[in-house]
Amino acid sequence: MMDPSSITTLPPPSQIQSALHCLTATSNPIPSPATIQQAQQALLHWESQHPNEYVVCLLSFLLGSTAAVQDRHHGNEPPTEENDSTLRLAAILALKAAVLRRWKDRGRGKLVRHDDHGKGATTHNVDTESRFLCDDVKHVTRQCLLRLIVSGSIPTREELYRDRGGNGAQQSLAVETLNFHNIIHGTLSHGQVQLLQDRGLQTNAAALLSQIGRMDLPLHFQELIPTLVEGGVKFYQEAIVSAASTASAGAHGDPTVTMIHSPPTTTSPTTMKMLYRTIQYNSMNALEAVLEEMSKRRLLMDKKYRDGIAVRYLGTLVRFGLVPALEGVGDTDYGNNQFHNNRTEDGVFMMQYAIVTSRAVSHLMTSSFSKLVEDPSMVSTVDYTLELIHAFLSHWLPTLLRRDLSATSHDGMGELATIQCTFIMELQKNHSVVFGRYVDPFLRLFYHSFLGIVEENESGALSCSRHISQSLKGFVTIFLAFLAYVPSSSCLGDESKEPPREENGDPSMHTTAPTNVWDNFFTPSLLQSLVRNLFFLFSSHIYSPNSGTLEHEKNDDDEYYWDENPEGFYQWEMLRSSEDDVGCAAQNLFLALMECPRGKEVLLPWFVDLLTNVTGQEMAMRVEAGLEFSSNVETLMAFMPLGCRKGCEEWEREMILQWDVIYTGAGLAGGMLESCPGFDFRSWFDAVLGPGFALLLGCESNGNFLPVIQRRIIWLLSCNAHQLDLTSPYNPLGMLVSILIKHDNQNDVCVRLTAIQAIEALLPQCEEMPALLQSIVEPTIPAVYRLTNDCTEVENRTTCLDLISSLITYVIVSGGTLHSDILNTIATPLSSIWDNAVDQNLLLKRNVLAILSCIASYVGPDQAVVLYPMALPMIDNSFQCEVNVFLVEDAMRLWFVFLRLSKAYDTHIGKLFLHAAKLSKDLEHVVILMKITEHYIILGGDDFLKEYGTTLQTVLVNLIGEVSPRGEAYIALVTETLLRKFPVEGGLLLLHCGVLKKFLDACSLNWSESKESEPDRVIVLYLTAMARIFIASPEMLESAGLFSSESAFGINELIYLYTSKFRIAGNGPHGLLFQKLWAMLLLSFYPPSKAVTCSSVVLTGPNEIFKMFTYVLQNVNSDGCNLLSYEVSCDDEEESYEVDAGAEINEAMRQHVATKDIVISTNFLEYLSLKLAGLPDVLGQDAYQNFLNHIMDPDVVRQMNEVMNQSKI
């Protein structure tokens, strides 16, 4: 394959096809990685240089079996159908990538173009129109994809790929509008059949069409959704009739429709029926993808468009799509044979079509439900749709929920019902007020379905099994989510508002729904019964199903049980989500019920009564501690807080588990309990939890039960840390530390990790208790390291090491003390952890860097250098190895801490700056890199500049003009420090690397008011840097060739920018410093001056300049005490990189630099007086009098003289 960079025109289609083939080849010989990379680079280059021709060529490859095969006849590859499918898939994937990059400019004025290596580069002055697809090619792309989906027909290459005319103008590319009559009554060619039945091609075409729709709609491509709707439902009514007359209708095709020119085939009516259904499915699938993408857009224009689409097409989709699909599912073997595995093609199609149609209807109604209900003409359609779904679910849910679907989930009925349930849940979630009129039947259906799953017994309590079958978890999660959104609704209806009616119709169906569903359905007894059932679902993974008590099989390999894998169980609990976990969904519903008014009235007092049942809690804790066993089941049953469940055999374990879920509820409802007048957490801890916790900790390990209550109490302490009194007699922090120290079966990994979590939550309260904090650090650190070694999951090991960083940080904040022995204990394992952090444990290196940063901050400047032999190689390694790229930010933080703590320049830490050139290419690190560079200049001075001046130049060249205005503000920290400390050398450094020329070019664009100009706040920074350079080296203005004779921007225009931006320069605390600097520059141009050209400019237009002088005299103190150095204030939206380490040293160094700043040390009044006194001698008396009397404004002269006289006084 030739070098893509040498290609100036689009190569022949066969060469592009060859590149595509390299990316998808599966036969021998498989292309080498180098060949594949070269093919990728070639495709990117062709796309970048010739986007229109490249896209049209890819469209032609979608034909596969016609034009593409003709090209392959010239090679050695046989034209097989499998190869055609592979080529089509490669072409559609390449087309997706090209269209997303070349469809429209989303770079906000800056085009992101891929170079020959596939790397992104920002280009300012690029002909953007030539880099994006033209309107003709966009039209062709839209129509070809639309035809591919609804008819399987694509224009041939000759019709798509037009040659350029002799005058260089591209001929028009056009594809006529689709005609469904001709598709239905035409004979499908073999090529069309191939394209229609290529599922991979159709899936990717639908995805690409949806992306185009998202970029185009609603302003362009308005025919997309109408065409897909028609294709999705049209054939359902007409396919059978047209199939019967296929042979006679084949000759009546519309000549405007471009078909693949191959001999017609005679197809049986049954086959034609399936082909038409394939078109129907492809169209509906694409429609669903488009609607899904459109539902993600949030602009008002998009919302109005979605509402219009919903009003226009919902009825059609429901009556001619959803209704036949759901009826068809029931009429086929799905309904008749009930989950029989041997499906007919008709049954499979109906199920697939029902699924995708349900999704399409769901997208329409979910995004526009409020609009649909407000439109009187649509109310009956909405009513009918929801009645249809309710009837479908009422019929099928009982069957689905009674069976184990694990063996039949592939049949699709479970997926279809899940889609319908999710649809109803989303309506309630997103449109709770409007949907309130429909909520009652679904509320009852879902609630009773939920009870059916959890096997409610006659007493209303959950049966023995806490485990939900894997196949039913999805349904239970949806039911619980729906129920959670019902009490969260602020309003479920308005009695005073009549529901909409159709013009001559009956009232809509929702008028019969109760006005206040909440009061009618959620009675006090139902609430308590529901919450009891929810409690048992909170945590079902303490004991595995095969532990002897629970009879169900283990559900999922990704789920962990405490008795089998304590660490895995802890990690699983931390990652649970209410979207896919029954326990989390049950907890969300519990919170929703507790927060609603009825819940606060009914549930909160009942729940407080449970928590104040001291006897029951003490008994449960004694049972867990192994201090009490009762053979009298009736005694245990009497103290069951949630009642007795049928089928329970181990009542001691049952009591423990019931209090575990109650404590879980207490942690979840902590905020509500805190405001409850009858409950105080601190008193509860002192009276119940504290003594019980101490009892559990004081007992020997009990092998009969896991430490369930003990762990839950620890978790409760972390949830309510702000309410605890650390001076309590039971010393919660001390008890938590004892758990870490005592690592036995009773305190397994799960318990100790929970203790780590609780200690982390309690540390903020230790800021005012340095003695307490110091007392726990020494025993905690070794225990945390032991736990780190005991853990196998990197997330848990990271949690442990995070606690060490937190402990050191709070010791620093509280003013505590860490003895050298403790510091050695902390630091010694770090090298070993770093060396052994491979594969998934690579993340531990971040913790090592963080701990070293904390240690350095604590020990301070005098001892931080002791860490250099360990820390500096780690920082260096973080920048060198590609595998450590995620460590760059953390390594730079540690680097920054060391710099701030340095009292003098150290060559060892100086070597790290060699990495700055590479780091400056990644714009994510601009802020901290500039702070580091600033400190190097302050700290290293001449030595640093001599050794690393070239690297500094590279950094500035890479960044200036390439970052955001915020980034430019941080770059100015470096240029300001450099030019304050080295005004001459720094100016030459910026001149020789081209940065000074960059400044002037940016100023030129700003002066000409170019759209690509940097904002004024950036130009002010550039002008400030140049002011320092030109004050120190005025001859540079005329001798360095900075101004081109061909450019309209010169010295006169530069001086104009200084006068016109003077007020803007005064913004911020450092504004007076900048303004005095600018005034000094312009004053330096007055004769005598080495910048002769500048002198003539300032003499011919002095009025604005002298106003600047007057302003400076009026506002700047004579001693410069109100001139503040340039700093960048912290932005709330970005992370602050400031650290307290070395604050005093850093401030002293900054003040030393400021004292040598010419702007601060110069007395402006004396400088001005000296210049004015010398003007008569330099200009001559006649020229001087002409300057005062004719060029200068008398008012300006008078005002300045008054200010000067006042300043002298």
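# Reading a predicted chain

Author: At a relative accessibility of 2%, S368 counts as buried; the term buried denotes a relative accessible area under 20%, exposed one over 50%, and partly exposed the range in between, with a 1.4 Å probe and protein chains only. The model is predicted: local features require pLDDT of at least 70 and side-chain atom pairs count only at pLDDT 80 or more, whereas totals for chains, interfaces and linings use all residues. Residues are numbered from 1 along each chain as its sequence is written, and side-chain values use heavy atoms, with hydrogens and water left out.

Reader: Where is S368 found, and with which residues is S368 in contact beyond its neighbours within four places in sequence?

Author: Helices are DSSP runs of H or I with at least four residues, strands are runs of E with at least two, and both are numbered from the N terminus. S368 belongs to helix 17, residues 345-374. A contact means heavy atoms within 4.5 Å; outside its neighbours within four places in sequence, S368 touches R306, D307 and A310.

Reader: What is the mean pLDDT of the chain, and over which residues does pLDDT stay under 50?

Author: pLDDT is the predictor's confidence in each residue, on a scale from 0 to 100. The chain has a mean of 81, and 80% of its residues reach 70 or more. Values stay under 50 over residues 1-8, for which the model has 17 contacts beyond four places in sequence. Residues 490-515 also have pLDDT below 50, with 40 contacts beyond near neighbours in sequence.

Reader: How many helices and strands does the chain have, and what share of its residues is buried?

Author: The secondary structure comes to 61 helices and 2 strands. Of the 1209 residues, 56% are buried. Among contacts with a separation of 6 or more, 78% are between residues 24 or more positions apart.

Reader: Is L145 buried or exposed, and how far apart in space are L145 and L209?

Author: L145, in helix 7 (residues 135-150), has a relative accessible area of 0% and is therefore buried. Although 64 residues separate L145 and L209 in sequence, their C-alpha atoms are 6.8 Å apart. Beyond four places in sequence, the contacts of L145 are I92, L95, A205, L208, L209 and I212.

Reader: At what angle do helix 40 and helix 43 pack?

Author: Two packed helices are described by the angle between their axes and the distance between the axes. Axes are lines fitted to C-alpha atoms, for helices over the stretch in contact, and angles run from 0 to 180 degrees between N-to-C directions. Helix 40 (residues 844-859) and helix 43 (residues 888-901) pack at about 15°, with axes 9 Å apart. The two helices, 40 and 43, are therefore roughly parallel, a label for angles under 35 degrees, with over 145 roughly antiparallel, 65 to 115 roughly perpendicular and the rest oblique. Residues of helix 40 including L849 and L852 meet residues of helix 43, among them L894 and V897.

Reader: Which residues does a cis peptide bond join in the case where omega is about 5°, and what is the phi of F221?

Author: Most residues other than glycine have a negative phi, and most peptide bonds are trans. A cis bond joins L217 and P218, with omega about 5°; P218 sits in the loop between helix 11 (199-216) and helix 12 (224-244). F221, which is not a glycine, has a positive phi of about 60°. F221 lies in the loop between helix 11 and helix 12 and, at 3% relative accessibility, is buried.
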